[in-house]
Amino acid sequence: MPHSWQAIMQQAVQFRHQLHRKPELTWQERNTSRMIREQLDKLGISWRSCAEYGTIATLAADAAGPHIALRGDIDALPIDELTDLPYRSESPGCMHACGHDGHIALGLGTARLVRPLLERGRGKLKLLFQPAEEGGRGARAVVDAGWMGDVDLFLAVHLGLGVPSGTVALDVKDFLATRKYAVALEGRPAHAGKEPEAGRNALLAACQMVPGLHALAQSSVPGVRVNVGRLEAGTSLNIVPQFARFDFEIRAGTNEALDDLERRCRTFVEATAQAHEVRSVMEVRGSADAWRNPGEMVEWAEAINRSAGVYEHTLGDYPFGASEDATVLANAVAAQGGQAGIFVLGADLADGHHTPHFDFDEDALAPGVHLLGALVTSALAITSQEFAGQNFA
């Protein structure tokens with residue numbers, strides 16, 4: 001039974017509030033996935049599990065046509081929410097501080113919008129609700145499991161990021177390639193007073209690695225970044241620390257620059273560990289690729305936006321300026337000859353992404369669903385007249 005536009009958006013906002021109250025961290029999205037799957041069941045849309053706590057929902061019109069994937073990420077961040085929102089997080093130390101709850105709402109809203117139209121189209125739509133975007137692990141798991149193998153057109157969006165409400169960035173560039181690492185150090189314990197020279201101090205080695213790694217980011221190459229985000233070591237103030245571990249990330253504007261930075265980081269960690277006579281292990285824990293939306297994808301999306309009359313204002317040559325593991329999915333589709341686009345939907349913010357007071361303008365959800373619906377139905381060869389008949393009053 002077709003949904004009215006008002007009902008679709010009311011459900012999208014209400015569901016976003018439910019998700020916001022119950023955020024879950026990376027690789028812990030059990031309840032989030034359950035809530036998503038319950039909504040899909042109500043819509044009569046079939047789904048399968050993917051990538052641990054992810055969900056792939058499939059809406060088929062005619063399998064002989066193009067296969068489209070629309071991705072929304074679902075994980076939250078380890079932040080105590082400090083807003084006074086009536087739907088603020090009920091999970092201590094965890095909140096949706098990057099808009100992923102909005103991305104889920106956009107995906108489900110788009111499903112509600114286009115489902116009644118699919119019988120008139122050609123092709124198949126996959127809705128990918130992806131876990132573990134934070135840290136850059138979920139998309140790689142989706143690709144490795146083969147879920148992108150039959151995709152001809154990949155679409156993803158991000159709310160906010162400096163784009164104001166009522167505006168969309170379709171010509172998006174400067175997605176930073178990134179890798180995340182866990183470094184574990186093992187030295188030798190000793191009595192810190194009687195014979196400290198008998199020990200090998202893993203904490204001291206780590207403390208010398210941290211500023212040294214940051215110093216490697218000094219570069220004229222655009223987008224080069226290093227950040228050590230966590231350091232743990234030691235057991236007692238009178239024991240030479242045997243163990244230390246820290247997590248850090250690197251970013252760069254190109255995959256080649258990232259490879260070079262990684263080589264230097266590995267060399268530095270290994271050399272510093274040798275100088276302190278401690279054992280070191282440096283493991284990759286996540287990654288994302290560099291990306292720029294192809295010109296033909298931008299032109300197509302701009303034409304659809306104009307035809308559907310969604311966003312009056314568009315931004316060209318817009319720098320994303322951060323990392324997003326949707327780039328892993330986009331590059332996988334592009335590598336097999338498909339098309340991909342990652343767009344930024346304007347949304348005014350209460351505070352910056354990844355901060356305790358983050359929130360976005362929920363009025364941004366309506367044009368987001370409208371544009372995604374227009375893009376999907378166009379790709380499925382559903383006419384603009386048929387799509388417009390879905391009541392955007």
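This passage walks through aromatic pairs, cysteines, a helix crossing and a few individual residues in a predicted model.

Aromatic rings make a handy starting point. A pair of such rings is described by how far apart the centres are and by the angle of the planes. In this model, the count comes to three aromatic pairs. One of them joins Phe175 and Phe320, whose rings are stacked, with 4.2 Å from centre to centre and 20° between the planes. Phe175 sits in the loop between strand 7 (172–173) and strand 8 (177–186), while Phe320 belongs to the loop between strand 13 (318–319) and helix 8 (326–335), so this pair ties together parts that are 145 residues apart in sequence. Both partners are tucked away from the surface: Phe175 is buried, at a relative accessible area of 1%, and Phe320 also counts as buried, at 7%.

Tyr181 and Phe248 make another pair. Their ring centres are 4.9 Å apart and their planes stand at 25°; since planes under 30 degrees apart count as stacked, the pair is stacked. Tyr181 comes from strand 8 and Phe248 from strand 10 (residues 243–252), so the pair ties together parts that are 67 residues apart in sequence. Tyr181 and Phe248 are both buried. Phe246 joins in too, as ring pairs link Tyr181, Phe246 and Phe248 into a cluster.

What about the cysteines: how many disulfides are there? The count comes to zero. Two of the cysteines help to show why. For Cys98, the closest cysteine sulfur is that of Cys94, and at 13 Å it is too far for a bond; a disulfide would need the two sulfur atoms within 2.5 Å. Cys265 tells a similar story, with its closest cysteine sulfur in Cys207, 17 Å away and again too far for a bond. Cys98 counts as buried at 8% relative accessibility, and Cys265 counts as buried at 0%.

Next come two helices that meet. Two packed helices are described by the angle between their axes and the distance between the axes. The axes of helix 1 (residues 5–21) and helix 9 (residues 365–379) come within 10 Å and cross at roughly 120°. The crossing of helix 1 with helix 9 is right-handed. On the helix 1 side, the contact is made by Trp5, Met9 and Val13, and on the helix 9 side by Leu365, Ala366, Val369 and His370. Sorted by class, this contact has six nonpolar residues, one polar residue and no charged ones.

Helix 8, already met as a neighbour of the Phe320 loop, is mostly covered, with seven of its 10 residues buried. The buried ones are Ala326, Thr327, Val328, Leu329, Ala330, Ala332 and Val333. These residues pack against a mix of elements, including strand 3 (67–73), strand 4 (123–130), helix 4 (138–144) and strand 14 (339–345). Strand 5 and strand 11 (279–288) are also among the packing partners of helix 8. Just after helix 8, Gly337 takes a positive phi of about 95°.

Strand 5 (residues 153–159) holds His158, which is buried at a relative accessible area of 4%. Leaving aside neighbours within four places in sequence, His158 is in contact with several residues, among them Cys98 and Phe320, both described above. Other contacts of His158 include His103, Glu324, Phe343 and His353.

Ala177 lies in strand 8 and counts as buried, at 0% relative accessibility. The C-alpha atoms of Ala177 and Glu256 are separated by 9.2 Å, although these residues are 79 apart along the chain. Not counting residues up to four places away in sequence, Ala177 touches Ile250, Arg251 and Ala252, as well as Ala288, Asp289 and Ala290, among others.

His191 rounds things off. Is this residue buried or partly exposed? With a relative accessible area of 45%, His191 is partly exposed. His191 is placed in the loop between strand 8 and helix 5 (202–215). Once neighbours within four places in sequence are set aside, the contacts of His191 are Pro196 and Asn238. The C-alpha atoms of His191 and Ser91, 100 residues apart along the chain, are separated by 41 Å.

Technical notes:
Residues are numbered from 1 along each chain as its sequence is written. This is a predicted model: local features need pLDDT of at least 70, side-chain atom pairs count only at pLDDT 80 or more; totals for chains, interfaces and linings use all residues. Side-chain values use heavy atoms; hydrogens and water are left out. Rings of Phe, Tyr and Trp (its six-membered ring) pair if their centres lie within 6.5 Å; planes under 30 degrees apart count as stacked, over 60 as edge-to-face and the rest as tilted. Helices (H or I, at least four residues) and strands (E, at least two) are DSSP runs, numbered from the N terminus. Buried means under 20% relative accessible area, exposed over 50%, partly exposed in between (1.4 Å probe, protein chains only). Axes are lines fitted to C-alpha atoms, for helices over the stretch in contact, and angles run from 0 to 180 degrees between N-to-C directions. A crossing is left-handed if the near helix is turned anticlockwise from the far one by less than a right angle, and right-handed if clockwise. Contact means heavy atoms within 4.5 Å. Ala, Val, Leu, Ile, Met, Phe, Trp, Tyr, Cys and Pro count as nonpolar, Asp, Glu, Lys and Arg as charged, and the others, Gly among them, as polar.
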